[in-house]
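User: I would like to go through the terms used for this model and see how each follows from its value. Please set every value against its definition before concluding.

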Amino acid sequence: MSALNTIAEPSSDEPRQWLTLVERKKVLAVVHTITYAKRLLDVLSLLEADFRLQVVFTTPPHVFGDEVPRFLQQLGSPVLPWAEATRMTFDLAVAAGPRGVEQVQAPLITMPHGANYLKRLPGMSDAGVAGLRRRDLMPGGKPPAAVVVPHHADLRELGRHCPEALQLAHVIGDPAHDRITASLPQRTAYRRALGLADGERLVLAVSTWGPHSFFGRFEMLLPRMVGELPSGRFRTAILVHPNVWSGHGPWQVRTWLAWCSRLGVSVVPPEADWRSVLIAADYIVGDHGSVTLYGTLTGVPILLTGSPEPEINPGSPAATLAVTAPALSPAHPLPEQLDYAAAEYRPEEYAAIAGRITSEPGRFYRNMRRLMYRLMGLGQPAHEPRVIPLPEPPTLRTWSSDRGEASA
């Protein structure tokens with residue numbers, strides 16, 4: 001009898017002989033992509049050590065979902081086939097994306113999978129802000145039990161884009177924001193774990209996905225990062241959105257980046273936790289994606305590789321960052337530009353941008369646990385949920401093919 005069979009509602013009493021804990025509340029995690037999976041793992045950590053619950057995962061069809069089954073398998077979790085999951089009833093479901101969730105039979109909590117609501121989707125029949133369109137908030141016309149938003153200002157956006165979802169909205173916060181801020185005191189430990197020497201500066205190249213992302217310009221910009229940043233003074237790491245890896249295939253992405261990996265540049269794999277690497281960085285070179293915005297929490301200079309105005313929600317903190325951070329120039333040496341970004345860095349300006357990520361700083365876990373248990377009809381565990389600092393990352397050398405130092 002497999003683990004999956006122990007979750008399903010049995011047609012007779014016979015399968016129950018294989019169960020040790022029976023009559024548990026059943027929680028379904030709806031995982032479309034690796035990005036969504038990482039966000040949901042933060043949420044599901046709130047259910048740890050509660051023997052009243054059984055959590056299972058399912059993977060709806062998604063264009064960027066090919067790597068999800070392997071990722072979940074490494075967690076050691078039961079994974080229900082989507083067709084089976086949609087025939088069952090659960091006591092709670094959580095999802096960080098909208099596709100197909102109207103088929104789930106459970107009180108459903110939906111939430112954003114990145115920082116705030118940054119991106120517009122221009123040129124589409126249902127153009128709008130990703131995550132705030134009616135189809136995102138009420139897929140199939142079916143309202144969820146709760147819509148989680150990170151900031152009180154998002155309620156105004158929600159009222160404009162999908163007013164019928166406003167009564168379902170709960171201002172809960174942002175889990176990545178809270179894990180990053182709780183982990184900032186561990187920066188020295190993360191740098192030591194990454195293998196950075198005293199005085200060595202880590203430049204983190206960050207890309208979202210899509211034609212206007214940093215990755216779309218890697219062919220032009222990466223040679224500069226490799227050739228202009230002297231070994232011994234700088235180390236370089238590349239963090240590419242999991243959708244790039246899924247859309248083009250891991251083999252292809254590694255092949256494209258093989259030359260810089262052989263020169264000692266570290267290519268962070270999509271399954272790795274990027275947040276400790278972000279905290280360890282001395283400079284962030286990024287685009288209009290969520291990770292660049294989370295970089296405003298770390299107190300280091302940011303250089304922007306591009307800010308495609310049609311793709312940025314003008315009401316988002318990404319729009320403010322686009323006119324605050326200096327833009328990478330093709331006409332000047334990269335070390336000079338990093339020095340300029342450091343000299344022009346104004347902590348108060350970036351703190352104001354970071355403050356727009358969530359209006360519930362440090363309170364996501366408390367707020368989210370209260371909402372989840374209320375929907376399940378259970379009392380919360382009698383302890384304060386802890387925001388645990390991120391674990392130490394592996395050394396940067398594990399993510400570069402030569403396992404050695406960059407060449408001069």
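**Values set against definitions**

Analyst: The side chain of H151 reaches the backbone nitrogen of A153 at 3.0 Å, and a polar contact is defined as a pair of N or O atoms within 3.5 Å, where within protein one must be able to donate a hydrogen and the other to accept it, and residues adjacent in sequence count only if both atoms are side-chain atoms. This is a predicted model, in which local features need pLDDT of at least 70 and side-chain atom pairs count only at pLDDT 80 or more, while totals for chains, interfaces and linings use all residues. Residues are numbered from 1 along each chain as its sequence is written, and side-chain values use heavy atoms, with hydrogens and water left out.

User: Why is H151 called buried or exposed, and where does H151 sit?

Analyst: Buried means under 20% relative accessible area, exposed over 50%, and partly exposed in between, computed with a 1.4 Å probe on protein chains only. H151 has 14% relative accessibility and therefore counts as buried. Its place is in the loop between strand 6 (146-149) and helix 6 (154-161), where helices (H or I, at least four residues) and strands (E, at least two) are DSSP runs numbered from the N terminus. Setting aside residues up to four places away in sequence, H151 touches N116, V171, G355, R356, I357, T358 and S359, contact meaning heavy atoms within 4.5 Å.

User: What makes the phi of N116 notable, and how do you know whether N116 is buried or exposed?

Analyst: Most residues other than glycine have a negative phi. Phi of N116, however, is near 60°, a positive value in a residue other than glycine. N116 lies in the loop between strand 5 (108-110) and helix 5 (134-137), and its relative accessible area of 6% is the reason why it is called buried.

User: What makes A49 exposed or buried, and what is its phi?

Analyst: A49, in the loop between helix 2 and strand 2 (53-58), has a relative accessibility of 75% and so counts as exposed. A49 is not a glycine, yet it has a positive phi of about 65°.

User: Why is helix 2 described as largely enclosed?

Analyst: In helix 2 (residues 34-44), 10 of the 11 residues are buried, so the helix is largely enclosed by the rest of the structure. The buried residues are I34, T35, Y36, A37, K38, R39, L40, D42, V43 and L44. At the N-terminal end, T33 caps helix 2, with a side-chain oxygen 3.3 Å from the backbone nitrogen of T35.

User: How do you know whether helix 2 and helix 3 are parallel or perpendicular?

Analyst: Helix 2 and helix 3 (residues 68-75) pack at an angle of about 30°, with their axes 9 Å apart; axes are lines fitted to C-alpha atoms, for helices over the stretch in contact, and angles run from 0 to 180 degrees between N-to-C directions. Angles under 35 degrees count as roughly parallel, over 145 as roughly antiparallel, 65 to 115 as roughly perpendicular and the rest as oblique, and helix 2 and helix 3 are therefore roughly parallel to each other.

User: Which residues of helix 2 and helix 3 meet, and how many are nonpolar, polar or charged?

Analyst: I34, A37, K38 and L41 in helix 2 meet V68, F71 and L75 in helix 3. The residues of this contact divide into six nonpolar, no polar and one charged, with Ala, Val, Leu, Ile, Met, Phe, Trp, Tyr, Cys and Pro counted as nonpolar, Asp, Glu, Lys and Arg as charged, and the others, Gly among them, as polar.

User: Why is T296 called buried or exposed, and what does its side chain reach?

Analyst: With 5% relative accessibility, T296 counts as buried. T296 is in the loop between helix 14 (290-294) and strand 12 (302-304), and its side chain reaches the backbone oxygen of L293 at 2.6 Å.

User: What makes H170 buried, partly exposed or exposed?

Analyst: H170, in strand 7 (residues 169-171), has 23% relative accessibility and so counts as partly exposed. Beyond residues up to four places away in sequence, H170 touches A146, V147, V148, V149, L371 and R374.

User: How do you know whether R275 is buried or exposed, and which side chain does it contact?

Analyst: R275 is in helix 13, and at 8% relative accessibility it counts as buried. Its side chain makes a polar contact with the side chain of D273 at 2.9 Å. R275 also touches D42, A176, R179, I180 and L390, residues up to four places away in sequence not being counted.
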